[in-house]
Amino acid sequence: MKIDKSLVKKYLNYKAVDCEFDSLIDDVFDELLTFCTPKKICVVSDCKKSDGFYYLNDLGISLISNDINNLFYECEQIATMAVTLGMAVDRKIDYYSKVDMKRSVVMDAVASVYVESVMDSLEEELRLQFKEKYVTMRFSAGYGDLDIKLQKHLITSLGADKFLGISVNDNYLMSPLKSITAFIGFSNKPQLFSNICLSCPQKGNCKVKCSKAKSF
């Protein structure tokens, strides 16, 4: 397994061509693999509109978002996903922040790229499972107009607190820090992508994949 060094450098805003730095990224990733414990969970719910917004029957979650309405055009099912690398990653990054700040910063970026790749693999499993369907890009609480406050209810309803050990603090940040939640939708009809980025406060400065979205 290899890490995408170009994405790591993007997180770090590192633009130099440096073989020594590339070797450091590889070394940090090799170390990361020795102690991190990636875990994932997914629930695919039948969905319907309630009061104008999608409601996930299996989880009791309302996605109160016009961006979701636009993106998940006439979806019949929505998958709710969560992945995490585990608390050992947070502890190791914190440890290196005290003894080797450069390695701590690189490990933080490597872990961010790796947890995204874990989510990518889960998404790919779903795309294969629903290969006869039209599939949306993924979308998370805190993107666009989907309130970040949904995170607590999402984690509890999904069982990610019990099965993955994820918690959400009063500022709606997840612990372990290298954790991601997301939704993707499935439809029998072609998806008409609406430019959700226009309503996002991170537009133009976004490091996540929604900034690269295309029509499906």
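How many aromatic pairs does a search of the whole structure find? In this predicted model, the search returns five aromatic pairs. One of them joins Y14 and F21, whose ring centres lie 4.0 Å apart with planes at 20 degrees, so the pair is stacked. Y14 is partly exposed, with a relative accessible area of 26%, whereas F21 counts as buried at 7% relative accessibility.

Another pair brings together F29 and Y114, with ring centres 5.4 Å apart; their planes stand at 75 degrees, so this pair is edge-to-face. It links distant parts of the chain, since F29 belongs to helix α2 and Y114 to helix α5, 85 residues apart. Both partners count as buried: F29 has 2% relative accessibility and Y114 has 9%.

Y114 also appears in the largest nonpolar core, a group of 35 residues in which I3, L32, V89, V110 and Y114 touch the most other members. At least two residues of this core come from each of α2 (19–35), β4 (77–84), α4 (87–99), α5 (101–129) and β8 (179–187). Helix α5 supplies the largest share, twelve residues. Beyond its neighbours within four places in sequence, L32 is in contact with V89, V110, A111 and Y114. A second, separate core holds 28 residues, including C47, A82, L154 and M174.

Helix α2 packs against α1 (residues 5–12) as well, at an angle of about 100 degrees and with the axes 11 Å apart. The two helices are therefore roughly perpendicular to each other. K5, V8, K9 and L12 of α1 meet F21, D22, I25 and D26 of α2 in this contact, which has four nonpolar, no polar and four charged residues.

Definitions and conventions:
Residues numbered from 1 in each chain as written. Predicted model: local features only at pLDDT ≥ 70, side-chain atom pairs only at ≥ 80, totals over all residues. Heavy atoms only, no water. Core = buried A, V, L, I, M, F, W, Y, C linked by side-chain atoms within 4.5 Å. Buried < 20%, exposed > 50% of the residue type's maximum accessible area, 1.4 Å probe, protein only. Helix = DSSP H or I, 4+ residues; strand = E, 2+ residues; numbered from the N terminus. Contact = heavy atoms within 4.5 Å. Axes fitted to C-alpha atoms, helices over the stretch in contact; angles between N-to-C directions. Parallel < 35°, antiparallel > 145°, perpendicular 65-115°, else oblique. Nonpolar A, V, L, I, M, F, W, Y, C, P; charged D, E, K, R; others polar. Phe/Tyr/Trp six-rings, centres within 6.5 Å; stacked < 30°, edge-to-face > 60°.
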